[in-house]
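Morning, everyone. I will walk through one structure today, starting at the ligand and then moving out to a few single residues.

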Amino acid sequence: MSGDALRTLLGSTGRMLAHASHPGEALETLAGRTVATVFFENSTRTRGSFALAAQRLGAGVVDFSNANSTAKGESLADTVRTVSAMGVDAIVVRSSRSGASACAAAATEAPVLNGGDGCHEHPTQGLLDAYTLCEAMGRLDGFDLSGLRVAIVGDVLHSRVARSAAAALQTLGAAVELVGPGPLVPEAMRAILNEHGAIERDLDAAVERVDAVMMLRVQFERGAAVASTYRERYALTRERAHRLREGAAVMHPGPMNVGMEIDAEVADGSGLASGARSLVLRQVAVGVAVRMAALEWCLGGVGACRP
Ligand code: NCD
């Protein structure tokens, strides 16, 4: 996505957040429209926030996630064609297969929004991470993150969040470091970095120089394996978090393996030294506004889009 398109969506996210603080003035820009959610993988935040986002814009929501006909042998494309034939206006898809949303988009005229496809992309998560960081760093004016360094830590290999967040943050000018052990951050991951990015094996070195740390869940369900020293070397423990710079931000897309990749009191901010802050719940709140912006972008005529 171009920097201009990204900034347009982030600007619209800001307007959605501003509306959220005036609950009396309901937005009805998608009144009469219907959004379908088709999730073939577990989801709390993404599915729930897409549904809330649609409702807050006046659209109806139908969830097809439990009516999983693929378990009966139906292809994803056929499921999407079936949902589309019912007359929905947009379809949000999540699948464990990389490329599933592109496949779904090819099967219907309706806009398809990618709610996460395998290890590939999670575009609205990348958007919400970018907005949340801009807000925390006082960079909402122009959405310019230049001069900031962000460490994305842990299971980068299996993370669609890492790919989408790195793309968004780098487009806005941030430098990104990928931090983790060789099996979870192989050299080939350099491909998602620009010339300002780096791979770092030493989390202790990274925490002292970055402005934000984005911790990732170890994705055991995608085959990730970790050494017994993982917590010791790569968790954002209370002790390690104390070495974060003044004003540094802690992020995690959730769900979290608490105690393994992050300590509970780091995630909730209570164990952080003064000046550092946890953005974990702010990420969730911004997620609803980002999905409102994305739905309106796709359905409200700002421009054609398949994020
Ligand atoms: C992420 C996902 O599903 O990719 N979660 C989310 O959408 N908030 C990250 C994860 O599952 O670890």
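Before the contacts, a cut-off: a polar contact here is a pair of N or O atoms within 3.5 Å. Keep in mind that this is a predicted model.

With that cut-off, take His122. One of the polar side-chain atoms of His122 sits 2.7 Å from an oxygen atom of the ligand. Gln125 also uses a polar side-chain atom, and this one is 3.5 Å from a nitrogen atom of the ligand. Pro253 makes its approach through the backbone: an N or O atom there lies 3.0 Å from a nitrogen atom of the ligand. How much of the ligand's own accessible area does the protein cover? On its own the ligand has 320 Å² of accessible area, and the protein covers 94% of that.

Now the rest of the shell. Besides the three residues just named, the ligand is surrounded by Arg45, Thr46, Arg94, Arg160, Val161, Arg217, Gln219, Gly254 and Pro255. Sorted by class, the shell has 5 polar, 4 charged and 3 nonpolar residues. Which helices each supply at least two residues of this shell? They are α2, residues 45-56, and α6, residues 160-171.

Arg160 deserves a further word. Arg160 is placed in helix α6, and it counts as buried because its relative accessibility is 7%, where buried means under 20%. From Arg160 to Gly14 the C-alpha distance is 24 Å, with their positions 146 residues apart in sequence.

Pro255, another shell residue, belongs to the loop between β9, residues 249-251, and α10. The peptide bond joining Gly254 and Pro255 is cis, with omega at about -10 degrees. Both Gly254 and Pro255 are in the ligand shell, so please look at that bond when you have the model open.Next, the cavity. How many cavities of 30 Å³ or more turn up in a search of the whole structure? The search finds 1. The volume of the largest cavity is about 70 Å³. Its lining is made by Arg45, Ser49, Gln125, Leu128, Pro253, Gln283, Val284, Gly287 and Arg291. Two or more lining residues come from each of α2, α5, which is residues 123-136, and α11, which is residues 280-299. Of these elements, α11 gives the largest share, with 4 residues. By class, the lining of the largest cavity divides into 4 polar, 3 nonpolar and 2 charged residues. Arg45, Gln125 and Pro253 are in this lining, and they are also among the residues that surround the ligand.

That leaves some single residues elsewhere in the chain.

Start with Cys134, in helix α5. Is Cys134 buried or exposed? Cys134 is buried, because its relative accessible area is 0%. The C-alpha atom of Cys134 is separated by 34 Å from that of Ala227, and the two residues are 93 apart along the chain.

Beyond α5 comes Phe143, in the loop between α5 and β5, the latter being residues 149-153. Phe143 is not a glycine, yet its phi is positive, at about 45 degrees. With a relative accessible area of 9%, Phe143 is buried.

Glu177 sits in strand β6, residues 175-179. Its relative accessibility is 1%, and therefore Glu177 counts as buried. Glu177 and Val210 are 33 residues apart along the chain, and 8.7 Å separates their C-alpha atoms.

The last one is Ala273. Where does Ala273 lie? Ala273 is in the loop between α10, residues 264-267, and β10, residues 277-278. Ala273 counts as partly exposed, because its relative accessibility is 27%. Its C-alpha atom is 8.4 Å from that of Glu246, a residue 27 positions away along the chain.

To go back over the ligand: His122 and Gln125 approach it with polar side-chain atoms, Pro253 does so with a backbone atom, and the protein covers 94% of the accessible area that the ligand has on its own. That is my part done.

Note on methods: Residues are numbered from 1 along each chain as its sequence is written. This is a predicted model: local features need pLDDT of at least 70, side-chain atom pairs count only at pLDDT 80 or more; totals for chains, interfaces and linings use all residues. Side-chain values use heavy atoms; hydrogens and water are left out. A residue is near a molecule or strand if one of its heavy atoms lies within 4 Å of it. A polar contact is a pair of N or O atoms within 3.5 Å; within protein, one must be able to donate a hydrogen and the other to accept it, and residues adjacent in sequence count only if both atoms are side-chain atoms. Accessible areas come from the Shrake-Rupley method with a 1.4 Å probe; for residues, only the protein chains shown count as cover. Ala, Val, Leu, Ile, Met, Phe, Trp, Tyr, Cys and Pro count as nonpolar, Asp, Glu, Lys and Arg as charged, and the others, Gly among them, as polar. On a 1 Å grid over the protein atoms alone, a cavity is a set of points where a 1.4 Å probe fits but cannot get out, and a pocket is an open set with protein on both sides within 12 Å along at least five of seven lines; lining residues have an atom within 4 Å of a point. Grid points are joined across faces, edges and corners, and a volume is the space filled by probe spheres set on the points. Buried means under 20% relative accessible area, exposed over 50%, partly exposed in between (1.4 Å probe, protein chains only).
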